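Work through the following exercises with the sequence and the model at hand. Each task is followed by a solution in steps.

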Amino acid sequence: MQSTESNVRQEPSSGKILGINPDAKGSRKSRPRRKGRNLSPERQASLALARSRMYLLLSLGFRYPSEETFECLKIECEAVREAIRKGFLPAATADGSLQEEVERLAAFLEDLDFPKFEAEYLRVFTHVITSDCHPCETAYTATHLFQQANKLSDLNGFYRAFGVTPGTERPDHVSVEAEFMAYLAQKEARAASTGRPRRASAMYRTQVAFLETHLGPWVRVFAKFVAIKAPSGPHHCLANLVSRFFPWEFAEQGARVHEISGPPKPLPLMQQKEMETEDDECPVFELACSRQGVLGTHADTFGLGGDD
C-alpha cells in the first residue's frame, strides 16, 4: 500500500483517555447517549469509518492544497459517495441533500486541475489568514488573549492524550480539528471491529467531548462565511456539506452543542502581533492519505494496526 509520509509522532499514552476511565462505573445519565446506541460491532465500525471519511474530506478541502493532497481529496470524495450509496452516511438531512452536494463537488474536482484548484483556494482564503472566513476556532470563540491561550492549551491536551503532535498549522485550524475527529472515529472503528467495546465507547465519548467543546460550536458559522466568500465552486460545496452534515452528526452522536451565530471576533493588535511571531512554531497534522481509497486504509498510517 502506498501512502504519503506522516509527521504525526506517536507517543505513549496512559490508560485513561482525557480523564475518562473506560472501566469507571459512572451513572448512565452522566454519559452522552448516541442515537441508536445498540449497534452491532460491525455496524458501529462501518458507521465510524464512513464518518471518518467525511471528516478527512473536509480536512483536506479546507487546508492549503498540494498536488498530493488534491489527489487525496478526490479519493475521499469518492469514498464519501460510496458511504452514502451504502447507507452509512445519510443521503439527505433536514438541512439539505448531502448526496447532491458530494456529486457537485466530485464534478468540480473532475473538471479542475491542481493549479486551478489552488487558485480557487487562494481566492477564498488568500495567502494569509482572512477575517472574511477565518479558519481557526479561537477567532470565533475567544474574547481575550487568556481565553485563547486556554482554548489552545485544551486542544493540545486532546492531541497529547492520543500521542499525536500537529506540525505546521495552528492547532485550532479547521483542517486540524476535522482530521483529529477522523482519527478518533478510526480508533472507534478499530476497537469495535476487534472486540473491545469499552475502548470503542471511550473513543465515542471523546468524539462527543471534542465536538461539544471545540469543533461543534463554530464550524457551521465558519461554513456560512465560506459560502458567502465562495458563491460557487468546490469550496462552496464543502461549506454546504458542513452545514448539512453537522446537524445530523450532532444528533447521531448525542452531542449537546451550543452553536455560535456571530461573525469572527477581531483580535486585539497586541494579540495579532504575538500570533504572527508564533506562526513558525504552531502545529498541523500532515495527513497520511492512501491512494487506494479503501475504507480503513488510513489506519496503518496512524499507527492503528497495533495496540492503540
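**Exercise 1. State how many aromatic pairs a search of the whole structure finds, and classify the pair of Tyr55 and Phe246.**

Solution. The search of the whole structure gives 20 aromatic pairs. To classify one of them, take the ring centres of Tyr55 and Phe246, which are 5.8 Å apart, and then the planes, which stand at 70°, so this pair is edge-to-face. The cut-offs are as follows: rings of Phe, Tyr and Trp (its six-membered ring) pair if their centres lie within 6.5 Å, and planes under 30 degrees apart count as stacked, over 60 as edge-to-face and the rest as tilted.

Next, place the two residues: Tyr55 lies in helix H1 and Phe246 in helix H9 (residues 234-253), so the pair ties together parts that are 191 residues apart in sequence. Helices (H or I, at least four residues) are DSSP runs, numbered from the N terminus. Finally, check the burial, where buried means under 20% relative accessible area (1.4 Å probe, protein chains only). Tyr55 has a relative accessible area of 0% and is buried; Phe246, with 1%, is buried too.

A note on the model: it is predicted, and local features need pLDDT of at least 70, side-chain atom pairs count only at pLDDT 80 or more, while totals for chains, interfaces and linings use all residues. Residues are numbered from 1 along each chain as its sequence is written, and side-chain values use heavy atoms, with hydrogens and water left out.

**Exercise 2. Find what kind of pair Phe62 and Phe125 form, and which cluster holds them.**

Solution. The ring centres of Phe62 and Phe125 are 6.3 Å apart and the planes are at 85°, so the pair is edge-to-face. Phe62 is in the loop between H1 and helix H2 (67-85), and Phe125 is in helix H4 (residues 114-125), so the pair ties together parts 63 residues apart in sequence. Both Phe62 and Phe125 are buried. They belong to one aromatic cluster with Tyr64, Tyr121, Tyr140, Trp218 and Phe222.

Now list contacts (heavy atoms within 4.5 Å). Leaving aside neighbours within four places in sequence, Phe62 touches several residues, including Tyr121, Phe125, His173, Phe222 and Leu238.

**Exercise 3. Compare the expected span of helix H1 with the distance between its end C-alpha atoms.**

Solution. The expected span is 1.5 Å times one less than the number of residues. For the 21 residues of H1 (residues 41-61) this should be 30 Å, and the end C-alpha atoms are 30 Å apart, which agrees. As for cover, 17 of the 21 residues of H1 are buried.

**Exercise 4. Explain why Cys77 and Cys237 are not bonded to each other.**

Solution. A disulfide is a pair of cysteine sulfur atoms within 2.5 Å. The cysteine sulfur closest to that of Cys77 belongs to Cys237 and is 8.8 Å away, too far for a bond. The structure holds zero disulfides.

Then look at the surroundings. Cys77 is in helix H2 and counts as buried, at 1% relative accessibility. Cys237 is also buried, with a relative accessible area of 2%. Leaving aside neighbours within four places in sequence, Cys77 is in contact with Leu57, Val102, Leu105, Ala106 and Leu109. Of these, Ala106 is 29 residues from Cys77 in sequence, yet the two are 6.4 Å apart in space, C-alpha to C-alpha.

Note on methods. Buried means under 20% relative accessible area, exposed over 50%, partly exposed in between (1.4 Å probe, protein chains only).
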